[in-house]
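Here's a quick briefing to read with the model open beside you. Take it topic by topic and find each piece on screen as you go.

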Amino acid sequence: MKMELTEDELQELEKQLSCPDGTFGIEVADAMNETNIGMTENTIHFLGLKNQHHVLELGHGNCGHLTRLLSIANEIRYYGLEVSETMWNVASHSHSHLNAVFKLYDGASIPYPDNFFDRVMGVNTIYFWLKPEELLNEIHRVLKPGGICVISYAEKAFMEELPFVQERFKLYDEHVITQLISATPLKLVELKSIDEEIQTKTGEPMKRHYSMARVKKHS
């Protein structure tokens with residue numbers, strides 16, 4: 001059922017999508033996990049995970065996909081970073097029994113050493129990166145030589161149709177993402193686009209067009 005929201009409610013939803021906080025933030029994150037699960041699972045598949053890989057996710061949310069990720073190969077070690085203390089708390093408590101480490105970070109500096117990760121992923125978070133080029137440089141730093149990062153995002157044309165997408169979002173299309181990546185040491189290996197049926201945050205069914213950018217650190 002379509003749900004009509006006031007301008008104030010749309011602004012609050014946008015705020016919660018960028019950094020979930022409190023009880024409402026948990027509700028929004030649960031809805032995000034449900035809406036994005038297909039996109040997230042495709043991103044995980046696109047990573048090409050192998051046994052004993054160290055995997056970093058930027059903006060893990062409630063991390064409802066973690067069991068699926070860890071089942072792809074043996075002895076995967078997962079690391080999640082969040083700007084949202086609410087999401088960090090939820091994920092840490094919900095998945096304390098799994099082979100995972102969760103940390104808060106500032107959204108700019110990745111608190112891990114050089115050449116530490118085999119894979120890095122981010123799903124529907126790049127819109128909120130304050131300094132995307134600098135964060136991509138950080139991803140390059142922490143990836144091992146030959147390491148892969150997959151960044152998944154809904155395309156600009158789709159996002160512009162959503163009423164809650166306002167000033168907190170920076171939108172991307174093929175041209176913008178290619179230009180951004182080319183300004184870093186990372187190499188764009190493949191840009192894959194997918195259409196899927198979803199229900200928006202306001203309750204309206206829509207076809208979402210999204211892309212997954214697979215980038216690589218030179219060996």
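Let's start with one pair in the sheet: Y79 sits opposite V101, which belongs to β3. Keep in mind that this is a predicted model. From that pair we can work outwards to the rest of the sheet, then to the helices and a couple of single residues.

**Strands β1, β2 and β3**
- Strand β2 covers residues 77–82, and it pairs with β3 in the parallel sense over five bridges.
- Another facing pair here is G80 with F102 in β3.
- β2 also has β1 to deal with: five bridges join the two, and they run parallel.
- In that pairing, L58 stands opposite L81 of β2.
- How many of the six residues of β2 are buried? Five of them are, so to call β2 mostly covered is fair, given that buried means under 20% relative accessible area.

**The whole sheet**
- Zooming out, the sheet is an open one with seven strands, and its order reads β3-β2-β1-β4-β5-β7-β6.
- The pairing across the sheet is mixed.
- Which strands stand at the edges? They are β3 (100–104) and β6 (187–199); each has a single partner strand, so one side of each has no neighbour in the sheet.
- From one strand to the next, the twist averages 15°.
- As a bit of background, strands of a sheet pair through backbone hydrogen bonds, in either a parallel or an antiparallel way.

**Strands β4 and β5**
- Strand β4 (residues 117–123) pairs with β5 over six bridges, in the parallel sense.
- If you want one bridge to look up, R119 has I148 in β5 as its partner.
- β5 itself runs over residues 143–154 and is mostly covered, with nine of its 12 residues buried.

**Helices α1 and α2**
- Helix α1 takes in residues 7–18 and helix α2 residues 22–47; they pack at an angle of about 75°, with their axes 9 Å apart.
- Since angles of 65 to 115 degrees count as roughly perpendicular, α1 and α2 are therefore roughly perpendicular to each other.
- Who meets whom? On the α1 side you'll find E12, L13, Q16 and L17, and on the α2 side F24, G25, V28 and M32.
- Sorted by class, that contact has five nonpolar, two polar and one charged residues.
- Now a length check: at 1.5 Å a residue, the 12 residues of α1 should span 16 Å, and its end C-alpha atoms are 17 Å apart, which agrees.
- The buried residues of α1 are L10, L13, E14, Q16, L17 and S18, and the buried residues of this helix pack against α2.

**Two residues to click on**
- M32 lies in helix α2. Is M32 buried or exposed? With 16% relative accessibility, M32 counts as buried.
- M32 is also handy for comparing sequence with space: M32 and T184 are 152 residues apart in sequence, and 30 Å apart in space from C-alpha to C-alpha.
- H53 is in the loop between α2 and β1 (54–58), and its relative accessible area of 9% makes H53 buried.
- What touches H53, leaving aside its neighbours within four places in sequence? The contacts are G48, E75, I76, R77, D118 and R119.

Methods: Residues are numbered from 1 along each chain as its sequence is written. This is a predicted model: local features need pLDDT of at least 70, side-chain atom pairs count only at pLDDT 80 or more; totals for chains, interfaces and linings use all residues. Side-chain values use heavy atoms; hydrogens and water are left out. Axes are lines fitted to C-alpha atoms, for helices over the stretch in contact, and angles run from 0 to 180 degrees between N-to-C directions. Helices (H or I, at least four residues) and strands (E, at least two) are DSSP runs, numbered from the N terminus. Angles under 35 degrees count as roughly parallel, over 145 as roughly antiparallel, 65 to 115 as roughly perpendicular and the rest as oblique. Contact means heavy atoms within 4.5 Å. Ala, Val, Leu, Ile, Met, Phe, Trp, Tyr, Cys and Pro count as nonpolar, Asp, Glu, Lys and Arg as charged, and the others, Gly among them, as polar. The expected span of a helix is 1.5 Å times one less than its number of residues. Buried means under 20% relative accessible area, exposed over 50%, partly exposed in between (1.4 Å probe, protein chains only). Two strands pair if DSSP finds at least two bridges between them.
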